[in-house]
Amino acid sequence: MDSYNLFFKSVNNNSLKQLKEEKTPEEMLTIINAGSMKNNIFHFNNAGALFFAKNINKFNIPHEIKMAKFKNGTRADIIDRKNSYNTLIDLMEDVRLFFSRNTKTSSVVIGMDRIDLNEYPFEVVREAIVNAVAHRDYKINSSPITFYIYDNRIEITSPGKLMPPLTIVTLESANPLHRNKIICDIFSKTGYMEHYGTGISRMKKPCWRKV
């Protein structure tokens, strides 16, 4: 499935989905602020290119995500690796597949139900990846986003520092700040991002859940 249709499959706004059936792709991409028409030709802005361009590389926007599974707790021995250069929506599937093949799943029986439990809650990993790509500093082209799985933890890094006045201490309680507003606006139309600054709280809750 192409990035355009994959994106609208993830859209959580029924009105926007309905509008897709009535408008051309160029009109829809303009509506969601992924670019604009000039001389009857649609041109992506940088955010739109990251989501929908068939060839992102020609836009010269750093977007690589480096994924690796390491043996034990260090980077001395790599078991699995993958570098993704896909659009942001396709990337979510790349991360899911890499996560699935490199983490454990167990099952418990509660009453009459069998429940599968991932080694880590995937919704937390997905939220962290969305935050990494939505809030990275795209001016930094020397470092990729990294998604590293160790035997005892997962580490996700994103180029750039917290935007002032945010700090680690205030990150959960402060009003949301968006380094890349258009990327966040486009993501917020899907089920991947709520756009209300609640990401950290929503990530913590599944990590404390009990069976």
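**View 1. Helix α6 of the predicted model, seen along its length.** Helix α6 comprises 14 residues and reaches 20 Å from its first C-alpha to its last, close to the 20 Å expected at 1.5 Å a residue. The helix is mostly covered, with 10 of its 14 residues buried. The buried positions are Phe122, Val124, Val125, Glu127, Ala128, Ile129, Val130, Ala132, Val133 and Ala134. In general, an α-helix has 3.6 residues a turn, so residues three or four places apart point the same way.

**View 2. The open sheet and its edge strands.** The sheet is built from 4 strands in the order β4-β3-β7-β8, and the pairing is mixed. Strands β4 (78-84) and β8 (154-157) stand at the edges; each has a single partner strand, so one side of each is left without a neighbour in the sheet. On average, neighbouring strands of this sheet are turned by 10° against each other, direction ignored.

**View 3. Pairing of β3 with β7.** Strand β3 (residues 65-70) runs parallel to strand β7 (residues 145-149), and the two pair over 5 bridges. Within this pair of strands, Lys66 stands opposite Thr146 in β7.

**View 4. Helices α5 and α6 packed on the sheet.** Helix α5 (residues 88-102) packs on the sheet and touches β3, β4, β7 and β8. The direction of α5 makes about 175° with that of β4. Helix α6 (residues 122-135) also packs on the sheet, where it touches β3, β7 and β8. The direction of α6 makes about 20° with that of β8.

Terms used
Residues are numbered from 1 along each chain as its sequence is written. This is a predicted model: local features need pLDDT of at least 70, side-chain atom pairs count only at pLDDT 80 or more; totals for chains, interfaces and linings use all residues. Side-chain values use heavy atoms; hydrogens and water are left out. Two strands pair if DSSP finds at least two bridges between them. Axes are lines fitted to C-alpha atoms, for helices over the stretch in contact, and angles run from 0 to 180 degrees between N-to-C directions. Contact means heavy atoms within 4.5 Å. The expected span of a helix is 1.5 Å times one less than its number of residues. Buried means under 20% relative accessible area, exposed over 50%, partly exposed in between (1.4 Å probe, protein chains only).
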